[in-house]
Amino acid sequence: MDVALRLGRRALGTTAENPNVGCVIVSDGRLVGVGWTQAGGRPHAETEALKMAGDKARGATAYVTLEPCAHHGQTGPCAEALVSAGIARVVSAIEDPDPRVAGGGHAILERAGVTFGSGLGAEEARRDMAGFLTRIQKNRPQVILKMAFSADGRIAAAPGKRTAISGAEAKAYVHLLRAQSNAILVGMGTVRADDPELTCRLPGLRARSPQPFVMSRHGNLPPQSHLAKRGAEVLRGSVRQVLEDLSLRGINRLMVEGGARVARSFLEAGLVDEFHLIRAPLTLGPDGVDGLDGLGLDQALPPFQLLRQEKLGSDLLTVYEARP
């Protein structure tokens with residue numbers, strides 16, 4: 001199951017509205033097939049693993065990070081594919097809450113006489129597939145807020161002035177986060193001040209740049225801006241309305257990169273699931289732009305619990321997750 005979870009993580013941000021699932025098939029103690037959800041959400045992980053396993057799937061055990069699907073879409077149910085291949089046992093990490101499945105995959109296995117169990121690796125699977133689960137259960141994407149602060153809590157040296165805060169290692173981390181997100185959102189103030197591209201520029205991962213959006217109650221994208229050229233869409237309305245809109249588009253993981261007002265609006269609405277805070281050692285002084293538009297970290301952080309902390313070069317990354 002640990003291998004299946006790692007395979008599923010490869011697909012973070014690439015599976016459209018589908019979950020990022022991993023699957024491993026084991027026969028006589030040997031791994032004979034592996035798969036993960038492919039770009040765009042198909043083929044599914046089980047299909048890929050069964051294709052690799054071939055005849056060796058008969059009598060084998062399949063470890064899947066999510067209950068095999070039970071509904072007919074562009075392809076048939078994965079639960080039926082596992083039965084047809086002769087899989088003898090299925091171990092899934094968690095049940096699929098999608099109303100089209102919701103225990104139906106396990107029921108198909110049970111009717112066919114396939115032994116099945118669930119719960120192994122459940123905590124890791126829920127965290128890995130939080131985007132899909134949040135959209136299904138809460139009708140909104142998982143929201144991942146990333147902010148880079150100076151030592152005195154600033155995000156720019158002055159209003160409208162583009163300011164480099166973090167170092168190379170932190171920038172690489174941010175680009176990986178982008179690659180693992182379906183969409184990315186900033187406010188219009190960030191567009192006008194920084195003219196960001198919001199792409200993933202890690203070698204080999206440029207194609208995994210998230211779909212860009214700009215949140216603004218008024219105003220349009222400057223026509224010569226990078227985001228206008230990338231076809232970014234301006235979303236209007238409250239934070240909740242924006243998230244509902246993105247959920248209807250099948251967005252599972254939304255990365256929010258600021259600026260300060262947008263970050264504060266998401267935090268005050270209680271709609272941030274993960275807060276990735278990068279602190280740099282430089283000081284910008286009293287003329288700098290406050291990181292959360294006047295909202296102190298002592299006010300912003302109580303709804304969160306510490307997930308992990310690590311050094312990224314000279315910067316400090318702290319990741320918080322919303323308390324259950």
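**Contacts, sheet and salt bridges in a predicted model**

Beyond its neighbours within four places in sequence, His-175 is in contact with Thr-199, Cys-200, Arg-201 and Leu-202. The model in which these contacts appear is a predicted one. His-175 belongs to helix 7, which covers residues 168-179. With a relative accessibility of 10%, His-175 counts as buried, because the cut-off for that class is under 20%. One of its contacts can be described in finer detail: a polar atom of the His-175 side chain lies 3.0 Å from the backbone nitrogen of Arg-201.

A good place to turn next is the open sheet, which has five strands in the order 2-1-3-4-5 and mixed pairing. Its edge strands are strand 2 (30-36) and strand 5 (115-118), each of which pairs on one side only. From one strand to the next, the twist averages 15°. Strands of a sheet pair through backbone hydrogen bonds, in either a parallel or an antiparallel sense. Here, strand 1 (residues 22-27) and strand 3 are antiparallel and share four bridges, with Val-26 standing opposite Thr-61 of strand 3. Strand 1 is also antiparallel to strand 2, this time over six bridges, and Cys-23 has Gly-35 of strand 2 as its bridge partner. Strand 3 and strand 4 (residues 89-92), by contrast, run parallel and are joined by four bridges; there, Val-64 is partnered by Ser-92 in strand 4.

Side chains in a regular strand alternate between the two faces of the sheet. In strand 3 (residues 61-64), Thr-61 and Tyr-63 point one way while Ala-62 and Val-64 point the other way, and all are buried.

Helices also meet this sheet. Helix 2 (residues 45-53) lies across strand 1, strand 2 and strand 3, and runs at about 145° to strand 2. Helix 4 (residues 104-111) packs on the sheet as well, touching strand 4 and strand 5, and its direction makes about 155° with that of strand 5.

Helix 2 carries a salt bridge of its own, in which the side chains of Glu-48 and Lys-51 meet at 3.4 Å, N to O. The two residues are three apart in the helix, about one turn. Glu-48 counts as buried, at 17% relative accessibility, whereas Lys-51, at 62%, counts as exposed.

Helix 6 (residues 130-138) offers another view of burial. Its buried residues are Ala-130, Gly-131, Phe-132, Leu-133, Thr-134 and Arg-135. Among the elements that cover them are helix 5 (122-128), strand 6 (142-149), helix 10 (239-248) and strand 11 (253-256). After helix 6 comes Asn-139, with a positive phi near 60°.

Side chains of opposite charge can pair when their charged atoms come close. The structure holds 13 salt bridges. One of them joins the side chains of Glu-268 and Arg-264 at 2.9 Å, N to O. These two residues are about one helical turn apart because they sit four residues from each other in helix 11 (residues 260-268). Glu-268 counts as exposed, at 51% relative accessibility, while Arg-264 counts as partly exposed, at 24%. Another salt bridge links Glu-310 with Arg-308, where the closest N and O atoms are 3.4 Å apart. Glu-310 counts as partly exposed, with 31% relative accessibility, and Arg-308 also counts as partly exposed, with 33%. Finally, Lys-146, Arg-178 and Glu-257 are linked in a network of salt bridges.

Key:
Residues are numbered from 1 along each chain as its sequence is written. This is a predicted model: local features need pLDDT of at least 70, side-chain atom pairs count only at pLDDT 80 or more; totals for chains, interfaces and linings use all residues. Side-chain values use heavy atoms; hydrogens and water are left out. Buried means under 20% relative accessible area, exposed over 50%, partly exposed in between (1.4 Å probe, protein chains only). A polar contact is a pair of N or O atoms within 3.5 Å; within protein, one must be able to donate a hydrogen and the other to accept it, and residues adjacent in sequence count only if both atoms are side-chain atoms. Contact means heavy atoms within 4.5 Å. Two strands pair if DSSP finds at least two bridges between them. Axes are lines fitted to C-alpha atoms, for helices over the stretch in contact, and angles run from 0 to 180 degrees between N-to-C directions. A salt bridge is a side-chain nitrogen of Lys or Arg within 4 Å of a carboxyl oxygen of Asp or Glu.
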